[in-house]
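Subject: Structure handover and notes

Dear colleague,

I am handing over the structure we spoke about, with the sequence alongside. Could you keep it open while you read the notes underneath?

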Amino acid sequence: MQARPLTPHTGVEVSGLNLGEPVGQALGEELRKLLANHSVVVFRDQKLPPAEYMNAAQIWGEIMPQMLERFTLPEYPLVGFVSSEDTDKPGGKRMVRGEQYHTDHSNYPAPPKATLLHAVTIPSTGGDTQFVNVHAGYEDLPEKKKKEIDHLKVLHVYLSSRSPRRKAVLSEEEKKRIPETWQPLVPRHPESGRKGLYLNTAHMERIDGMADEEAFRLIGELMAHATSPKYEYRHKWRHGDLVIWDNRSVMHQANGDYTEKRYLLRLMVKGVPLS
């Protein structure tokens with residue numbers, strides 16, 4: 001196995017490893033450290049059917065159920081997919097899921113620790129996924145700004161009234177079971193203790209104790225700062241890639257700049273409440 005850093009702050013590329021084969025305790029610990037240290041890990045040249053993909057994901061923890069059942073495999077309901085043919089509702093308009101920077105399922109009391117995507121069908125051009133390191137973004141803020149925001153709590157819902165992007169339309173049953181929760185604006189990473197910005201403009205509805213206009217000005221200011229190119233790793237997909245990222249350490253966004261078919265399998269690893 002070879003591991004090569006992709007940027008000074010985020011991302012490591014792993015080659016020479018088949019995740020379809022059993023991983024022993026020592027190698028598993030090494031792979032968990034790679035994610036903890038680099039936030040995004042790219043495994044090249046994988047070919048994992050759903051059952052093997054699920055086994056690989058469990059190197060990092062217990063698999064978390066997907067939010068929306070219609071974007072899952074009928075035979076493997078824990079395995080989701082992201083497709084160029086996804087629509088906002090059955091028979092509805094096509095949409096690019098994951099456009100604009102966000103962290104996954106931030107409206108859950110215990111958001112996912114990590115998300116994995118495995119490339120099955122990739123367009124010849126376009127469709128990159130961008131990541132930005134939210135620890136580096138926070139650490140670069142002026143001390144005065146850190147003191148201003150460190151204690152703030154934000155209500156995260158499925159779809160913010162000011163969401164900049166479309167999301168899948170919920171059924172009445174989904175509306176009842178999909179949660180909302182208050183999250184710290186600046187949580188400490190549960191494992192490293194490192195502080196970072198926790199932002200998701202599609203889900204952030206209000207800041208506790210702050211007028212809406214002031215709150216959304218602050219959110220906009222922090223998003224503009226956190227998504228600076230200097231914090232970015234941009235992943236150009238290859239067939240067979242498996243990418244795992246830490247949702248507490250990076251935000252990510254999908255790009256819809258392609259016309260050919262695109263299909264990736266998606267898994268999430270359970271996390272813990274943030275504080």
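What follows is an account of the cores, the strands, two helices and one loop residue.

Please bear in mind throughout that this is a predicted model.

I begin with the nonpolar cores. The largest of them holds 37 residues, and within it Leu19, Phe43, Trp60 and Leu116 touch the most other members. A second core, of 25 residues, lies apart from the largest one and includes Ala136, Ile207, Met223 and Met251. As general background, nonpolar side chains in soluble globular proteins tend to be buried together. Leu116 is a convenient place to start looking, since, once its neighbours within four places in sequence are set aside, Leu116 is in contact with Tyr53, Ala57, Trp60, Leu242, Val243, Ile244, Leu265, Arg266, Leu267 and Val269.

The next item is strand β7. Strand β7 covers residues 114–121, and six of its eight residues are buried, so this strand is largely enclosed by the rest of the structure. It pairs with strand β13 (residues 242–246) in the antiparallel sense through five bridges, and in that pairing His118 has Leu242 of β13 as its bridge partner. Strand β15 (residues 263–269) is also antiparallel to β7, with seven bridges between them. Here Leu116 has Leu267 of β15 as its bridge partner, and Leu267 also appears among the contacts of Leu116 listed above.

Two open sheets of three strands deserve a separate look. One has the strand order β12-β8-β14 with antiparallel pairing. Its edges are formed by β12 (232–235) and β14 (250–254), and each of these has a single partner strand, so one side of each is left without a neighbour in the sheet. From one strand to the next, the twist in this sheet averages 20°. Strand β8 (residues 129–133) is joined to β12 by four bridges in the antiparallel sense, and Thr129 stands opposite His235 of β12.

The other open sheet runs in the order β10-β9-β11, and its pairing is again antiparallel. Its edge strands, β10 (181–184) and β11 (204–207), each pair on one side only, and the twist here averages 35° from one strand to the next. Strand β9 (residues 153–156) pairs with β11 over three bridges, in the antiparallel sense, and Leu155 has Arg206 of β11 as its bridge partner.

Turning to the helices, α1 (residues 25–38) has 14 residues, which at 1.5 Å a residue should span 20 Å, and its end C-alpha atoms are indeed 20 Å apart. Gly28, Leu31, Leu34 and Leu35 of α1 are buried. Seen down the axis of α1, its buried residues fall within an arc of 115°, so they line one face of the helix. That buried side packs against β1 (2–5), β2 (12–15), β3 (40–43), β7 and β13, whereas the face turned away from it carries the exposed residues Gln25, Ala26 and Asn37. Ser39, which follows α1, has a positive phi, near 70°.

Helix α6 (residues 212–226) can be described in a similar way. With 15 residues at 1.5 Å a residue, α6 should span 21 Å, and the 21 Å between its end C-alpha atoms agrees with this. Its buried residues are Ala215, Phe216, Leu218, Ile219, Leu222, Met223 and Ala226, and, viewed down the axis of α6, they fall within an arc of 155°, so they line one face of the helix. Among the elements covering them are β8, α4 (143–149), β11 and β14, while on the other side of α6 Arg217 and Ala224 are exposed. Met223 also belongs to the core of 25 residues.

Finally, there is a residue in a loop. Ser161 lies in the loop between β9 and α5 (172–177). Is Ser161 buried or exposed? Its relative accessibility is 59%, and because a residue over 50% is taken as exposed, Ser161 counts as exposed. Ser161 is separated from Pro5 by 156 residues in sequence and by 39 Å in space, from C-alpha to C-alpha.

With best regards

Technical notes: Residues are numbered from 1 along each chain as its sequence is written. This is a predicted model: local features need pLDDT of at least 70, side-chain atom pairs count only at pLDDT 80 or more; totals for chains, interfaces and linings use all residues. Side-chain values use heavy atoms; hydrogens and water are left out. A nonpolar core is a set of buried Ala, Val, Leu, Ile, Met, Phe, Trp, Tyr and Cys residues joined through side-chain atoms within 4.5 Å. Buried means under 20% relative accessible area, exposed over 50%, partly exposed in between (1.4 Å probe, protein chains only). Contact means heavy atoms within 4.5 Å. Two strands pair if DSSP finds at least two bridges between them. Axes are lines fitted to C-alpha atoms, for helices over the stretch in contact, and angles run from 0 to 180 degrees between N-to-C directions. The expected span of a helix is 1.5 Å times one less than its number of residues. The arc is that of the directions from the helix axis to the C-beta atoms.
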